[in-house]
Amino acid sequence: ASFTISLHKVDNTTVTIKLGPGVSPSCRIHIKNVIRSDLKIKPGENVTFSFTCSTPEKYFIMEIQKNIDCVSGPCPFGDVHLYPPGLPHLNRTYIWDVKASTKAGLELKFSTPWLRQIEPGETCPDSISYNINSCIDKATVNIGTFCRNGSVSRVKLLGGVVMSLHLPWHSLLTTSGFNIANRASIKRLCIIESTLKGESSITLMSPNYPLGFPEDELMTWQFVIPSNMRASVFFHNYSLSNCERKEERVEYYIPGSPSNPEVFRLSDSQPANIAGSFNMSLQGCDQDAQNPGILRLLFRVVVQPPQVDENVTHLVDLSKEKNMTVTIHFEGWPSQIPLMSDPICLICKDPRTCDRVLTLASGAVYRISFLCKDLSRLRITAEKGIGCMDIRWCQRKIYSLSVPKAITRLPIRLHKFIWKLLATDLINVEITSPSLKLQQHVPEQRCNTSYSYSIVSATPETELNIGVFCPGGFIEKIQMRNNITISLKTFGKGFMNESVPQDLKMSFVPHIKDECTFTVSPNPKAKVYLQTPNWPYGLPPYVSISWFIVVPSKQTARLGFSKDRMGIACETGRAYVNIKEETLGAEETVRREDELLPQPRDMNHNFWVNISNCKPVDKTQLTLQFWVTFADKQIDLGIILAVVAGAGVLTAIGLTVCCVKKKKKKTQNPMVGVYNANVNTQMPGKKGLFGKGRQNNESHVYAVIDDAVVYGHLLKESNGSVAPEVDVYRPFDGPIGSLPPSPPPFSFRKDIKRSSNTEEEPPALTDTDQDTYTFAHQKSGQSKDNGDANDEDKGDTSVPLLENKEQDGLAE
């Protein structure tokens with residue numbers, strides 16, 4: 001098909017057809033037997049042409065530029081038409097270059113549905129866009145890029161204007177959508193009028209965004225708002241230039257305000273809940289020539305009807321609180337931002353100071369109100385810091401970790417309350433829950449309460465997630481090293497009712513041995529699951545955790561592990577599981593990472609469980625879970641029979657003695673005096689509490705004489721060089737119950753150490769010793785041996801009886 005374009009000279013219009021950027025010249029323009037790749041038609045020319053392909057829109061673009069002189073001649077006020085008609089269907093751009101004096105600015109008025117400003121790089125849904133540039137002398141300022149269907153109804157500009165309309169090739173638009181209304185001196189860069197008819201929100205940007213607002217310029221936005229609506233302004237993105245003189249600021253002219261204009265810095269919270277129309281102006285400054293910086297602003301205006309309860313205030317008294325902040329925000333903050341089409345919730349600390357996010361600091365009293373249809377979308381996040389730098393001032397203080405009533409009384413759901421507990425290296429934190437106690441959230445025993453506590457211990461090097469806990473369990477106390485963060489998080493709407501009996505307490509205590517120690521007092525009828533911190537990622541290297549399990553006096557606890565092995569291989573050090581009952585002479589069970597974990601066993605007394613990690617070979621870390629159940633203690637039938645038999649024997653002896661006495665009395669034999677050397681001839685005195693003391697009983701007589709007592713002088717003479725040939729681990733030398741079991745030293749090993757110079761075979765282990773390592777601690781009267789001594793150091797001081805004794809102990 002051929003096209004004919006005829007341009008009148010008085011229209012001052014030029015049409016240019018050219019290949020699009022980056023397009024191959026597969027299609028050409030055919031004019032009078034001449035093939036060419038571009039075509040320019042000037043005013044007064046009449047050209048007929050055609051394309052060498054059937055789809056020229058894929059290759060060519062078209063620009064139609066009209067020059068309008070409003071300086072030397074009359075300005076063509078009224079609608080601006082799309083001229084000339086009959087153009088081929090190509091992607092085209094209409095450009096109107098209007099020259100005007102800076103003393104008489106131009107006003108562009110847009111027909112409905114008006115325009116909507118978009119950010120650089122954003123595209124319009126219908127691919128139809130407008131671009132407005134202001135021309136002052138030789139400088140050009142990009143006022144902005146706009147799509148159809150918006151609120152921008154008019155734009156006034158100082159000086160000339162270059163207006164562009166971009167249409168896709170398939171567009172059927174026949175009108176430009178704007179007109180040149182009149183000329184008026186505005187004495188500022190531009191005025192953008194935005195008309196909002198109902199509940200809505202718009203986004204606007206300063207000229208040249210994001211490159212920078214012109215130096216020392218002034219511009220204004222006029223917002224036309226119905227008198228029955230309320231408008232609020234929010235700055236989303238801004239930056240400041242480096243000013244040499246003046247100050248960058250925002251000025252508001254609000255009808256009825258006692259102090260027009262109201263001046264704000266860009267960093268201030270901007271006015272909200274404005275009734276009716278208002279103006280907002282942006283003022284630049286004189287910038288530093290060497291380092292000017294960039295002044296830019298992207299903001300949002302939200303229009304909504306007045307809320308029924310906007311005059312209802314809520315008292316938030318934080319005057320007695322210290323180191324606490326309370327933030328009221330929308331759901332999903334700060335990672336999620338509500339869509340512009342969503343109704344917005346505003347929190348106000350006075351009728352005109354409102355924002356979507358409001359932060360209140362401790363030490364003051366606030367009266368807040370809400371401009372929101374649905375308060376269920378709002379949340380509260382609070383944070384409180386508690387510190388201790390000197391244990392002498394903190395040790396006896398008990399801090400209550402409960403949510404203040406000033407927060408729970410608000411009609412807003414609490415999302416999270418965070419306590420940050422800070423202390424020096426030698427001061428640790430103890431958390432207790434005296435009445436409710438805590439339950440550890442594990443897969444087999446999940447929390448179903450409306451809130452839970454997440455506890456994290458952190459140092460500059462590592463972070464240890466202690467776990468998630470909720471009320472209603474069996475953990476009475478948790479002691480932790482390092483700085484602690486406790487986060488209370490709510491689930492659902494039941495927190496207000498369930499949180500009344502909060503009893504979580506915190507205190508600072510002196511330095512503890514392990515990274516974390518739990519004190520667990522289970523219900524005798526319950527099954528308790530406990531697992532290592534940092535689940536499921538595993539304990540960090542070289543971390544040691546202890547649990548102290550309280551066993552009721554008439555109960556027996558059964559301890560078992562959820563898997564057979566630790567499941568790690570150590571690169572450096574050893575990983576251990578230690579189990580120790582809190583009773584005199586109790587045996588300690590120790591397992592290494594390359595050994596089977598203990599089988600379920602009964603514990604008759606309070607006991608410790610200690611888990612210590614090594615540095616694993618690969619990324620797999622140590623994760624262990626164990627459980628504890630309780631049962632009533634069973635009386636041994638053999639003991640009952642022995643007691644009954646003993647009672648029967650005593651009864652028979654009593655009857656025999658009675659019969660013999662009666663028989664002797666009947667015979668009445670004459671008394672014979674016989675001297676008995678074993679009779680105590682001392683005067684009888686007052687009986688003590690016990691029948692006999694140590695000086696007249698046989699408690700100091702040894703039924704079996706210990707080898708270490710018999711040969712103790714040999715040990716002293718050899719300066720401790722004599723040692724048994726079994727490597728025995730005895731970590732419990734201190735008082736019972738004061739400390740958890742310590743991890744064994746890295747030198748501990750299952751195999752019995754033998755020197756390479758000796759030919760003796762190690763004593764054989766019994767069947768019960770193949771998987772179990774239980775070592776009875778010697779009494780204080782026994783000597784401590786050194787299992788690492790070599791045979792060649794013993795010399796002639798070796799004592800066979802001592803070796804036999806140790807072998808007997810292993811066999812047991």
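## Report on a predicted model

Lys493 counts as exposed because its relative accessibility is 75%, and the cut-off for exposed is over 50%. The structure described here is a predicted model. Lys493 is placed in the loop that runs between strand E42 (483-490) and helix H3 (495-498). In sequence, Lys493 is separated from Ile412 by 81 residues, yet their C-alpha atoms lie 9.9 Å apart in space.

The report now turns to the interior. The largest nonpolar core comprises 83 residues, and Phe518 and Trp547 are those with the most contacts inside it. Apart from this core lies another one of 82 residues, which includes Ile41, Leu115, Val250 and Leu266. When neighbours within four places in sequence are left aside, the residues in contact with Phe518 include Ile466, Phe469, Ile475, Lys477 and Ile478. Ile545, Ser546, Trp547 and Phe548 are also among the contacts of Phe518.

A further feature is an open sheet of four strands, arranged in the order E1-E6-E3-E4 with antiparallel pairing. Strand E1 and strand E4 are the edge strands, each of which pairs on one side only. From one strand to the next, the twist averages 35 degrees. Strands of a sheet pair through backbone hydrogen bonds, in either a parallel or an antiparallel sense. Within this sheet, strands E3 and E6 pair in the antiparallel sense over two bridges. His30 has Ser50, in E6, as its bridge partner.

The table lists strands of this sheet with their residue ranges.

| Strand | Residues |
|---|---|
| E1 | residues 2-6 |
| E3 | residues 29-31 |
| E4 | residues 34-36 |
| E6 | residues 46-51 |

How values were computed:
Residues numbered from 1 in each chain as written. Predicted model: local features only at pLDDT ≥ 70, side-chain atom pairs only at ≥ 80, totals over all residues. Heavy atoms only, no water. Core = buried A, V, L, I, M, F, W, Y, C linked by side-chain atoms within 4.5 Å. Buried < 20%, exposed > 50% of the residue type's maximum accessible area, 1.4 Å probe, protein only. Contact = heavy atoms within 4.5 Å. Pairing = 2+ DSSP bridges. Axes fitted to C-alpha atoms, helices over the stretch in contact; angles between N-to-C directions.
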